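Colleague: I am new to this structure and would like a close look at a single part of it. Please take one hairpin and the sheet around it, and go through them slowly.

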Amino acid sequence: MGQDHIRYDILAQDALRSVIRKVLSEVSATGSLPGDHHFFITFLTTAPGVRISQHLKSKYPEQMTIVVQHQFWDLKVNDTYFEIGLSFSDKPEKLTVPFAAIRGFYDPSVNFELEFDVAVAEEAEVEAEITAYPVQPAETAAAAEPAGENGEAKPGASVVSLDAFRKKN
């Protein structure tokens with residue numbers, strides 16, 4: 001079988017995340033859920049862009065599932081994340097969740113479920129570090145150092161080949 005240079009898996013996950021974005025946008029516009037619909041949304045609490053209180057982060061250090069049903073407020077949806085107000089043990093909390101951090105979405109009223117592959121925070125941080133510098137071919141990467149704003153080499157900085165961090169099949 002040939003290598004997937006198009007990355008259909010990523011395209012499909014992005015398309016399915018747009019389903020969640022559209023559903024939440026409609027709920028945000030109307031202010032309520034239609035019929036018996038309600039959502040269980042599971043996301044990585046350590047993913048880049050996730051904003052939750054320290055209390056929740058200590059209670060859910062890796063992932064958490066929220067229920068969007070009767071009591072929620074200030075639902076705001078944009079292209080890359082959503083914000084929502086929820087109550088945890090009678091304490092109001094505001095959460096910001098990037099769509100890329102979502103691992104699962106479930107609407108039990110119609111038995112609709114989506115699951116996503118989400119990189120753990122350590123892998124995401126490594127990728128963020130890698131993309132922060134220009135990538136050069138592996139054979140020249142060892143000799144090169146990224147330049148600062150004024151063209152001088154950054155001390156201690158080095159270019160890393162992406163191949164070292166790719167998942168091996």
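Modeller: In the hairpin of strand 6 and strand 7, which has 4 residues between the strands, Asn 111 takes a positive phi near 55°; strands here are DSSP runs of E with at least two residues, numbered from the N terminus. This is a predicted model, in which local features need pLDDT of at least 70 and side-chain atom pairs count only at pLDDT 80 or more, while totals for chains, interfaces and linings use all residues. Residues are numbered from 1 along each chain as its sequence is written, and side-chain values use heavy atoms, with hydrogens and water left out.

The loop between strand 6 (102-107) and strand 7 (112-115) also holds Val 110, which is partly exposed at a relative accessible area of 47% (partly exposed lies between buried, under 20%, and exposed, over 50%, with a 1.4 Å probe and protein chains only).

The two strands of the hairpin pair in the antiparallel sense over 4 bridges, where pairing requires that DSSP finds at least two bridges between two strands. Within this pair, Phe 105 has Leu 114 of strand 7 as its bridge partner.

Both strands belong to an open sheet of 4 strands in the order 2-1-6-7, with antiparallel pairing. Strand 2 (63-68) and strand 7 stand at the edges, each with a single partner strand, so one side of each is left without a neighbour in the sheet. Towards the other edge, strand 1 (residues 39-44) runs antiparallel to strand 2 and is joined to it by 6 bridges, with Leu 44 opposite Gln 63 of strand 2.
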